[in-house]
Amino acid sequence: MGWLWAIIVGFVLGLLAKAIIPGKQHSPLWLTTIFGIIGAVVGNAMARGMGIDETNGVDWGRHGLQLAAAVVIVFVGDMLYSAVRGRRERA
């Protein structure tokens with residue numbers, strides 16, 4: 001069940017990150033989901049490092065860090081994807 005939640009959260013975070021980033025992103029949906037999963041893991045690690053990983057109620061700080069990490073990872077990952085894809089199309 002943990003993997004299912006990771007995929008769902010990664011999917012949602014990836015889509016939110018794509019909506020926040022200005023312009024068009026070219027990475028496919030499956031890759032955006034993987035970027036979102038990585039963003040969730042990085043955001044959780046940052047929250048744990050700051051001591052806000054477990055609070056009473058909704059963990060808004062942790063969720064904000066997850067989203068921020070997902071935005072950065074989707075942005076960088078999409079740039080890398082476009083660069084690699086562009087090289088393949090020229091070859």
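What share of the 91 residues in the protein chain is buried? The figure is 31%. Colleagues, I should state at once that the structure before you is a predicted model, and every value I quote is computed from it.

Let me begin with confidence. The chain averages a pLDDT of 89, and 93% of its residues score at least 70. Broken down by element, α2 has the highest mean, 93, while α3 has the lowest, 89. As a general caution, predicted coordinates should not be read in detail where pLDDT is low.

Now the overall architecture. The protein chain contains three helices and zero strands, so the order of elements from the N terminus is simply written α-α-α. The first helix, α1, spans 2–20 and the second, α2, spans 29–50; α3 covers 60–90. Along the principal axes, the C-alpha atoms occupy a box of roughly 55 × 25 × 20 Å. The accessible surface amounts to about 6100 Å², and carbon and sulfur atoms account for 70% of that area. With regard to contacts between residues at least 6 apart in sequence, 62% of them link residues at least 24 apart.

I turn next to the interior. Which residues form the largest nonpolar core? There are ten: Leu 13, Ala 17, Ile 21, Leu 31, Phe 35, Ala 40, Ala 70, Val 71, Ile 73 and Val 74. Each of α1, α2 and α3 supplies at least two of these residues, and α3 gives the most, with four. In soluble globular proteins, nonpolar side chains tend to be buried together.

Val 74, a member of this core, is a useful residue to select in the viewer. Setting aside residues up to four places away in sequence, Val 74 touches Gly 14, Ala 17, Lys 18, Ile 21 and Phe 35. Of these partners, Ala 17, Ile 21 and Phe 35 are themselves listed in the core.

Gly 14 deserves a closer look. This glycine is found in helix α1. Is it buried or exposed? Gly 14 is buried, because its relative accessibility is 0%. With residues up to four places away in sequence again excluded, Gly 14 touches Thr 32, Gly 36 and Val 74. Its C-alpha atom is separated by 9.5 Å from that of Ile 38, which is 24 residues away along the chain.

Thr 33, in helix α2, offers a further view of the interior. At 12% relative accessibility, Thr 33 falls under the 20% limit and therefore counts as buried. Beyond its neighbours within four places in sequence, Thr 33 is in contact with Ile 7, Gly 10 and Phe 11.

Let me move to the surface. A nonpolar patch of about 760 Å² is made by Leu 4, Trp 5, Ile 8, Val 9, Phe 11, Val 12, Leu 15, Leu 16 and Leu 29. Its largest share, eight residues, comes from α1. One of the patch residues is Val 9, which lies in helix α1. Val 9 counts as partly exposed, because its relative accessibility is 32%, a value between the limits of 20% and 50%.

Lys 24 presents another case. This lysine is found in the loop between α1 and α2. Lys 24 is exposed, because its relative accessible area of 67% is over 50%. The C-alpha atoms of Lys 24 and Asp 78, although 54 residues apart along the chain, are separated by 9.7 Å.

Finally, I come to charge pairing. How many salt bridges does the structure hold? There is one. Arg 62 forms it with Asp 59, and the closest N and O atoms are 3.1 Å apart. Side chains of opposite charge can pair when their charged atoms come close. The two partners fall into separate accessibility classes: Arg 62, at 21%, counts as partly exposed, whereas Asp 59, at 10%, counts as buried.

To close, three items merit inspection in the viewer: the core, to which α3 gives the most residues; the nonpolar patch, whose largest share comes from α1; and the salt bridge between Arg 62 and Asp 59.

Notes
Residues are numbered from 1 along each chain as its sequence is written. This is a predicted model: local features need pLDDT of at least 70, side-chain atom pairs count only at pLDDT 80 or more; totals for chains, interfaces and linings use all residues. Side-chain values use heavy atoms; hydrogens and water are left out. Helices (H or I, at least four residues) and strands (E, at least two) are DSSP runs, numbered from the N terminus. Buried means under 20% relative accessible area, exposed over 50%, partly exposed in between (1.4 Å probe, protein chains only). Patches are made of residues with over 30% relative accessible area and no salt bridge: like charges are joined within 9 Å, nonpolar side chains (Val, Leu, Ile, Met, Phe, Trp, Tyr) within 5 Å. Accessible areas come from the Shrake-Rupley method with a 1.4 Å probe; for residues, only the protein chains shown count as cover. A salt bridge is a side-chain nitrogen of Lys or Arg within 4 Å of a carboxyl oxygen of Asp or Glu. A nonpolar core is a set of buried Ala, Val, Leu, Ile, Met, Phe, Trp, Tyr and Cys residues joined through side-chain atoms within 4.5 Å. Contact means heavy atoms within 4.5 Å. pLDDT is the predictor's confidence in each residue, from 0 to 100.
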